[in-house]
Every structure is written in C-alpha cells, then in structure tokens.
Amino acid sequence: MTAQEIVAQIKDLPPISEAALKLVTLLERAEANNDDVVQVLRQDAVLTAKLLRACNSPAFALEASVTSVDQAVLILGYTHVFQMTVAIAFSGTMVTRLPGYQIEANELWHHSVHAASAAETAVRVGIGMEVDPAIAFTVGLLHDIGKVALSRFLSPEAQLAVRNQVARGQPVVEAEREVLGTDHAEVGACLLRNWHLPCEIAEATANHHSPELQPTPRLSAVAHLADCLAHLTSGAPGWDAHALRGSDSVLRALSVNPTDLEHLMIAVAANHERSEHLMEVP
Ligand SMILES: [Fe+2]
Ligand SMILES: [Fe+2]
C-alpha cells in the first residue's frame, strides 16, 4: 500500500482546526505578525475558548485572568500562544492508544511534546543551522504523527514481521516499507500535505529517520536530532523506540560535537519542565 492509500482509508481522525492549520502556514510568511495570529485565531471560537482555558491554567499562575486572544498574545507572548494553539489542535489526534506500536494512550503525545521542546531548545541554544524556533517546535511535535494512521495496519503478524527485520539490523522505516509498502514517516508527511501545511515541515517529517544533509542540512536533520534528544532525555514509547538509530553524520552536519551534545541534553532536560503544561492541553 502507498502512504496516500493508507491515509485515504483513515476516515475517523478528529478534524484539525482550520484556524490552527492556517496559523502553521503563517510560518512560511516572514512578514506575519501578532495581528495576523490574532485574526486567524478569532475565526475559531472553540479553539479560542480552549486556548483561553489553557492560558488561565495554574501553569501560568497569572494574577488576572486572560479573556481574549489579544490579551493572551500580549501577556504570554507569541511563543506560548503559538505552542499552545498547535498543541491544542493536534493533541486530540495524537493522545490515542496505538496498538500497532504498543503505545498506550498519551505516550505518543508526551514523546511528541518532548521532541517539540527539544527541537525548539536546540535551535535556540544554537546548532549549525538557522531555523525559526516555531517551525522547529512544530516539526518536533508532528514528526511521528504518521504512526497514528500506520498503527492500524500493523496487525500482530505485520508487527512480528517488522520486528524480525529490525532484530536483523534493518532500520524501522525500511522494515515498515518492506512489510507494509510504506512507513510512518511517509504517512505522516502525506497527512501534513493533505492539511496543506508548509512543504518544509512535511519534508522534514518524511525524512526524520534519514535526514537530508547535502549540500547543507535541511529541517529533517533538526527533526532527527530532536527525536534522538527526546529519546535520550525522557525515554520513548512503543516497541520501535529501542530501534532508534541516531546518526553521527547529522551531528557533524549540525556542528554538534560531543561536548555540545552534553550541554544540549542538559538544556533540553531543563526545558522539559517548561513544556509540561502542553501535555495536558484541553
Ligand atoms: Fe519516527
Ligand atoms: Fe519519534
């Protein structure tokens, strides 16, 4: 089966807020500003209500309650509002149990939030590549979304076949392709393209297990690094977690030496606490 065929067969994913999708597409426009963000969010009353509820949660301990999106952007800043909006929009799809990967409810979501926070931290701390922190956060959050769709095609027999291939040393995505005809990275990219998210984010999702590094590293290298950092600093769910292969060439391409990696892991672990509120978005 192809990634498109798999995605076409999945009819029951919760719909993603159009306003949140539009917010992510704004990342492609360098000139987008806070007013654009506010305008987009105003189009979705349900999303706005959830966002305001999240802003008024004890995590932010605000003295007065936030009652509008304008106020939320003003008080908490664009970064928090963007992250919460994207988290609220996609959590419904990703909190689910994935029997094909033996992932319990919430486990994929927690891994995704950790990867998002790791990607954002990495580009803020500084790696050999300039990336907008909001783009890094989004790709970290969505890199494994294809598992939500592909899990349903991993019957116990298919799982066994993939796991046998992995035990023989084959990378997970290659084993998935051999058994199912496609892999979770391709399926994820296909979902993101169907939602008209920026090509750069779909490409990074497609290649997060085998990033493009030549002539210069692309966003997929950041997704790969963030995935590895999330595994290293907070563990990871499912049977395929043990088969994750970190790539030395990605570290070299991003100019991350062993000392930098150590510092990066400390910074990522410290920042996990700050993103914990995203695990429980409404
Ligand atoms: Fe993956
Ligand atoms: Fe992952």
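Is Tyr78 buried, exposed or partly exposed? With a relative accessible area of 28%, Tyr78 is partly exposed, where buried means under 20%, exposed over 50% and partly exposed anything in between, computed with a 1.4 Å probe on protein chains only. This is a predicted model, in which local features need pLDDT of at least 70 and side-chain atom pairs count only at pLDDT 80 or more, while totals for chains, interfaces and linings use all residues. Residues are numbered from 1 along each chain as its sequence is written, chains are lettered from A and ligands numbered from 1 in the order in which they are written, and side-chain values use heavy atoms, with hydrogens and water left out.

Tyr78 is a good place to start with the aromatic residues. The structure holds two aromatic pairs. In one of them, Tyr78 and Phe82 are tilted, at 5.8 Å centre to centre and with 35° between the planes; rings of Phe, Tyr and Trp (its six-membered ring) pair if their centres lie within 6.5 Å, and planes under 30 degrees apart count as stacked, over 60 as edge-to-face and the rest as tilted. Both residues belong to helix α6 (residues 78-94), where four residues, about one turn of the helix, separate them. Helices here are DSSP runs (H or I, at least four residues), as are strands (E, at least two), numbered from the N terminus. Phe82, at 1% relative accessibility, counts as buried. Elsewhere, the charged end of Lys147 sits over the ring of Tyr101, 5.1 Å from its centre; the criterion is NZ of Lys or CZ of Arg within 6 Å of the ring centre and within 35 degrees of the ring normal.

We come next to the metals. The iron ion (ligand 2) has His111 (NE2), His143 (NE2), Asp144 (OD) and Asp227 (OD) as its protein donors, at 2.1 to 2.3 Å. Donors are N, O and S atoms within 2.8 Å of the metal (3.2 Å for Na, K and Ca), and water is not among the atoms, so sites may look incomplete. Along the chain, the spacing of these donors is H-x31-H-D-x82-D. The arrangement is irregular because the four donor atoms subtend angles of 84 to 175°. Four donors count as tetrahedral if all angles lie between 85 and 135 degrees; four count as square planar and six as octahedral if opposite donors are over 155 degrees apart and all others between 65 and 115; anything else is irregular.

The iron ion (ligand 1) is held by Asp144 (OD), His184 (NE2), His208 (NE2) and His209 (NE2), at 2.2 Å. Its donors follow the spacing D-x39-H-x23-H-H, and its site is likewise irregular, with angles of 84 to 175° among the four donor atoms. Asp144 bridges the two iron ions (ligand 1 and ligand 2), which lie 4.1 Å apart. This bridging residue is buried, at 2% relative accessibility. Among the other donors, His111 is buried at 4% and His208 at 0%, whereas His209 is partly exposed, with a relative accessible area of 26%.

One of the donors to ligand 1, His184, is also among the buried residues of helix α12. This helix (residues 184-194) is mostly covered, with eight of its eleven residues buried. Its buried residues pack against α1 (3-9), α8, α9, α11 (172-180) and α13 (199-206), contact meaning heavy atoms within 4.5 Å. At the N-terminal end, Asp183 acts as a cap, with a side-chain oxygen 2.9 Å from the backbone nitrogen of Ala185; a polar contact is a pair of N or O atoms within 3.5 Å, and within protein one must be able to donate a hydrogen and the other to accept it, while residues adjacent in sequence count only if both atoms are side-chain atoms. After α12 comes His196, with a positive phi near 60°.

Within α12, Ala185 is buried, with a relative accessible area of 1%. Beyond its neighbours within four places in sequence, Ala185 is in contact with Val173, Thr205, Ala206 and His208. Thr205 belongs to helix α13 and is buried at 0% relative accessibility. A polar atom of the Thr205 side chain lies 2.9 Å from the backbone oxygen of Ile201. Not counting residues up to four places away in sequence, Thr205 touches several residues, including Ala185, Gly188, Ala189, Leu192 and the iron donor His143.

Leu74 offers a contrasting case. Leu74, in helix α5 (residues 69-76), counts as exposed at 74% relative accessibility.
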